[in-house]
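Reader: I'm new to reading protein structures, and I'd like to walk through this one with you. Could you take my questions one at a time?

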Amino acid sequence: MKATYFLSESELFKYTSTFNIDGDGLESYIFSRLNTGAIVMKRNQLGILPALAYDHALFYKGFLLNAVARIITFTMFAPESNEISFQLKGYRRQLAFEYSKPILDRKGVTELEDKSNVIEKELARTVGGYREAIKQVNWHEVQQKLKTNEAAIEFVHYRYTNKKPTDSIMYSALIVKPESIEPIFISLFEEKSLDSLLNTKTERKADYVNNLYTLADRGARPIESPIRSLYEILWQPMEKELVGVKKIYYSPTGLLHRINLDAIARSSTKTLADQYQLIELNSTRELVIPSQVKIANNEAVLFGGIQYDQDSSLLNPEPLITSRSRGELSFKNVDSTLRGGSWNYLPGTEDEVNTIGTMMMASGLDVKTKKGYQATEESFKNIGANNSPSPKILHIASHGYFFPDPKSTSNIAGFENQKEPVFKMSEHPMLRSGLILAGGNAAWQGKQTLEGREDGVLTAYEISQMNLSNTELVVLSACETGLGEIQGNEGVYGLQRAFKIAGAKYIIMSLWQVPDKQTSLLMTTFYKKWLKEKMTIPDAFQSAQKELRNAGLDPYQWAGFILCE
């Protein structure tokens, strides 16, 4: 624990990697013993392993994200650290610029990384309040924050160990209720059971999603095993422990980051959202040490109706192509992970920000809308710059992207000699996830961008360097903004992580390519319930999705977005 007081982010990553779920260390041992029930103890020692397991999850899950976010947050309010913090931001801006180049074209990266590392360690040692912010939390403290009819769930995944590590990755749940004597351990499923559901081969994305989140004709049949639905493998094993519970704070893990728990069907007419209020957290530790957001203004900044070519003089004289899905590329015979595609104009996004902007102004908000060629990367990065407060609401209606690790992607084998844009091929997961802003097509296609201008491809890494500590809500009204590379206890490396590090409290993001029209309907419904009907953000979001479901929309059209606190 003392190491956290003086290590930088990169050093903390190496430190916490020693506790990775793929190893054969303490974590695998504890959870494997609980999973098999192989607990041989004296009577007064019962409960030691479940409690130890929950405390372990509280400390290591999302630990690095929490530590990095706290450094950034506290340096914003510590005058004594302004100069050194400014130096760190400068080095990171230079790094972001160099990271955006192909590896062979980069210059001075090692030196910049070393300088950044030294300064970050100094901040970790000197920033006031930092030690208190990253203190260890135990399950009893989480329990004390729970009210009657509430529960906290830490989902965990680990390599099953039986004397020696096996090739089985298991998923389990640790449940805490106000009356719990100890955390309750529930074994759920083997990862390949969920992986088979998530990777069911269908021609249409809509069919895949609808099969996953409805009871009829869904599931994958393991060898010599009956068909099991998402509800049966994930939720049904816990239900007897959740009788009488109405609100559940939960922290996902592994592949569960790609599931909308609210949308899981319990019957042909009911979902989990009909029975519980489910609140997703990076860690239930946040019940004890919540993220601090100081609302400094009544501003909202909206991005939408974006032109993805550089400027009007570069536009193709052909009619403007539009998309019906946010994330849909206008490729011909080119795979979406390769060069050759362009991002299409989204007509629904302009209607969306116009409608939402009008609604916000009627509610007394000061609205700034960035559209067309004005929705630049520069205008986005100016948000919260130079110690100016970030807006209360930040809404981005655009295209989003996520690329898996190229080292594990087989479809690039024949293209090793192509000079691919770095955000597709980078070794850094926070560069392979991002948002497309004005003029982004040129950089996306590997073409020359305008000199002295940002390239229009806003990466998660760049967002993580911003100051959004005054922002209550970020809405990523785009495709696949909730995806990213899953790394052990640290969760998803992508846009979600970036905005949390930057300081935002709530994030609404997507899990798949969402239909343009239905996305706009969901967003306007959500804002109506939050701003006009004065619901809380979680209540308004859940109510908006339920309204669309009750209107007859299928899961593909309403369940693509999730809310993370």
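Reader: Let's start with a pairing. Which residue in β8 is the bridge partner of F303?

Author: Keep in mind that this is a predicted model. Strand β6 covers residues 299–306, and β6 pairs with strand β8, residues 393–397, in the parallel sense over four bridges. Across that pairing, the bridge partner of F303 is I396.

Reader: And which residue in β7 does V301 stand opposite?

Author: Here we look at another partner of β6: strand β7, residues 366–372, pairs with β6 in the parallel sense. Six bridges hold that pairing. In β7, the residue opposite V301 is K368.

Reader: Is β6 largely enclosed or largely open?

Author: Count the buried residues, where buried means under 20% relative accessible area. In β6, seven of the eight residues are buried, so the strand is largely enclosed by the rest of the structure.

Reader: Now for β5. Which residues of β5 point the same way as each other?

Author: In a regular strand, side chains alternate between the two faces of the sheet. Strand β5 covers residues 277–280, and all of them are buried. L278 and E280 point one way, and the other way point Q277 and I279.

Reader: Which residue in β5 is the bridge partner of K247?

Author: Strand β4, residues 247–251, runs parallel to β5, and four bridges join them. The β5 partner of K247 is Q277.

Reader: Does Q277 count as buried or exposed?

Author: Q277 sits in strand β5. The cut-off for buried is under 20% relative accessible area. Q277 has 18% relative accessibility, so it counts as buried.

Reader: What about K246, buried or exposed?

Author: K246 lies in the loop between α11 and β4. K246 and Q277 are 31 residues apart in sequence, and their C-alpha atoms are 6.2 Å apart in space. Exposed means over 50% relative accessible area, and K246 has 54%, so it is exposed.

Reader: How far apart in space are the C-alpha atoms of Q277 and D539?

Author: Along the chain, these two are 262 residues apart. In space, their C-alpha atoms are separated by 8.2 Å.

Reader: Let's talk about empty space. What is the volume of the second largest cavity?

Author: The structure holds nine cavities of 30 Å³ or more. For the second largest cavity, the volume is about 170 Å³.

Reader: Which residues lie nearest the centre of that second largest cavity?

Author: Its lining has 18 residues, eleven nonpolar, four polar and three charged. At least two lining residues come from each of β5, α20 (537–550) and β16 (561–564). Nearest the centre of the second largest cavity are D262, L278, I279, F541 and L563.

Reader: On to helices. What span should α3 have, and what distance separates its end C-alpha atoms?

Author: Helix α3 covers residues 48–60, which makes 13 residues. At 1.5 Å a residue, it should span 18 Å, and this agrees with the distance between its end C-alpha atoms, 18 Å.

Reader: How many of the residues of α3 are buried?

Author: The buried ones include L49, P50, Y54, H56 and F59. The helix is largely enclosed by the rest of the structure because, of its 13 residues, the number buried is eleven.

Reader: Which strands are at the edges of the open sheet with β10 in it?

Author: Three strands form this sheet in the order β9-β10-β11, and the pairing is antiparallel. An edge strand here pairs on one side only, and the two that do so are β9 (400–402) and β11 (457–459).

Reader: Which residue in β10 stands opposite F402?

Author: β9 pairs with strand β10, residues 433–436, in the antiparallel sense over three bridges. Opposite F402 in β10 stands S433.

Reader: Last one. What is the phi of K534 near, and where is K534 found?

Author: K534 has 63% relative accessibility, so it counts as exposed. Its phi is a positive value in a residue other than glycine, near 60 degrees. K534 is found in the loop between α19 (516–532) and α20.

Note on methods. Residues numbered from 1 in each chain as written. Predicted model: local features only at pLDDT ≥ 70, side-chain atom pairs only at ≥ 80, totals over all residues. Heavy atoms only, no water. Buried < 20%, exposed > 50% of the residue type's maximum accessible area, 1.4 Å probe, protein only. Pairing = 2+ DSSP bridges. Expected span 1.5 Å × (residues − 1). 1 Å grid on protein atoms, 1.4 Å probe; cavity = no way out; pocket = protein on both sides within 12 Å on 5 of 7 lines; lining within 4 Å. Points joined across faces, edges and corners; volume = space filled by probe spheres on them. Nonpolar A, V, L, I, M, F, W, Y, C, P; charged D, E, K, R; others polar.
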